[in-house]
Amino acid sequence: MKRMNTLQLIEKTEARMMEMFATEHTGHDWFHIDRVRRMALVLANEEGADSQVVELAALLHDIDDWKFNGGDIDGGPKAARLWLESLEGRPDVIDRVVKVVEEVTFKGAGVDTPTSSIEAAVVQDADRLDALGAIGIGRAFAYGGANKRQLWNPEEEVEYHESFEAYKKNNNSTIAHFHEKLLLLKDRMQTESGKGMAEKRHQFMESFLDQFESEWWGD
Ligand code: ADP
Ligand code: NI
């Protein structure tokens with residue numbers, strides 16, 4: 001088989017992801033992947049990142065998420081590499097894309113997730129933006145329900161996870177997840193335009209949480 005060029009890789013990968021994630025029901029469906037891809041391309045344009053590497057990595061970023069594969073953090077990059085190798089992509093492109101996939105995911109409040117390229121920074125920001133705002137709220141409760149988490153338990157302790165292992169074991173409510181992750185994201189955005197959008201979406205989540213609590217206590 002002749003090596004595929006990157007545009008062909010993108011086309012094949014889009015079709016494969018659409019098929020794989022068509023009926024996913026925890027907020028990691030094809031539409032999430034497509035939103036992340038579109039947002040990542042906007043950020044890539046502003047930041048001068050390589051748009052083909054960004055698009056391919058955005059399409060592949062959740063291919064084998066640790067949250068659904070039994071906790072294996074290496075599953076995503078491995079699956080992305082296998083897929084791109086099966087298409088006979090260029091080795092240098094494969095290496096760059098796999099590295100981005102490796103650097104995207106959140107690993108706990110106290111765990112740094114640095115990126116080693118502007119392409120990874122852009123995809124990480126785009127993925128995090130989709131965890132914020134109205135869509136982020138919807139996704140959080142979809143994930144929580146699918147994983148048998150309570151909506152909220154006012155008696156539980158919010159945890160600040162110092163390691164990925166501790167974050168993985170966490171079984172708190174979905175409202176706790178806002179404090180353990182979602183509300184922390186705006187200060188961890190890497191691109192300037194990502195920061196601006198995260199700020200707006202953050203404020204929307206803050207007002208949602210205020211309203212939620214006031215309804216909870218019957219005000
Ligand atoms: P990441 O790889 O950084 O976790 P994802 O694309 O997998 O990014 O997005 C994570 C999504 O899953 C978010 O929308 C988030 O709200 C949801 N999620 C993850 N953990 C929880 C949790 N404990 N409770 C509720 N939602 C969660
Ligand atoms: Ni994602």
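**Metal site and salt bridges in a predicted model**

At 8% relative accessibility, aspartate 65 counts as buried, because buried means under 20% relative accessible area. This structure is a predicted model, and every value given here was computed from it. Aspartate 65 forms a salt bridge with lysine 67, and their closest N and O atoms are 2.9 Å apart. Lysine 67 has a relative accessible area of 24% and is therefore partly exposed. Side chains of opposite charge can pair when their charged atoms come close.

The pair just described is one of 18 salt bridges found in a search of the whole structure. Another joins aspartate 130 to arginine 35, with 2.7 Å between the closest N and O atoms. Aspartate 130 sits in the loop between helix 6 and helix 7 (133-146), while arginine 35 belongs to helix 2, so this salt bridge ties together parts that are 95 residues apart in sequence. How accessible are the two partners, aspartate 130 and arginine 35? Aspartate 130 has a relative accessible area of 4%, so it is buried. Arginine 35 has 22% relative accessibility and therefore counts as partly exposed.

Helix 2 also holds arginine 37. Its side chain meets that of glutamate 55 in a salt bridge, with an N to O distance of 2.6 Å. Glutamate 55 lies in helix 3 (residues 51-60), so the pair links distant parts of the chain, 18 residues apart. Both glutamate 55 and arginine 37 are buried. These two residues also belong to a network: Glu14, Asp34, Arg37, Arg38 and Glu55 are linked by salt bridges.

The next site to look at is the metal. Which protein residues are donors of the nickel ion (ligand 2)? They are His32 and His61, each through NE2, together with Asp62 and Asp127, each through OD. These donors lie 2.1 to 2.3 Å from the nickel ion. Along the chain, the donors follow the spacing H-x28-H-D-x64-D. Histidine 32 is in helix 2 (residues 30-47) and aspartate 127 is in helix 6 (residues 118-129). These two donors are 95 residues apart, and the pair links distant parts of the chain. Histidine 32 and aspartate 127 are both buried.

Helix 2 thus comes up several times in this account. Histidine 32 in this helix is a donor of the nickel ion. Arginine 35 in helix 2 pairs with aspartate 130, and arginine 37 in helix 2 pairs with glutamate 55.

Note on methods: Residues numbered from 1 in each chain as written. Chains lettered and ligands numbered in written order. Predicted model: local features only at pLDDT ≥ 70, side-chain atom pairs only at ≥ 80, totals over all residues. Heavy atoms only, no water. Donors = N, O, S within 2.8 Å, 3.2 Å for Na, K, Ca; no water. Helix = DSSP H or I, 4+ residues; strand = E, 2+ residues; numbered from the N terminus. Buried < 20%, exposed > 50% of the residue type's maximum accessible area, 1.4 Å probe, protein only. Salt bridge = Lys/Arg side-chain N within 4 Å of Asp/Glu carboxyl O.
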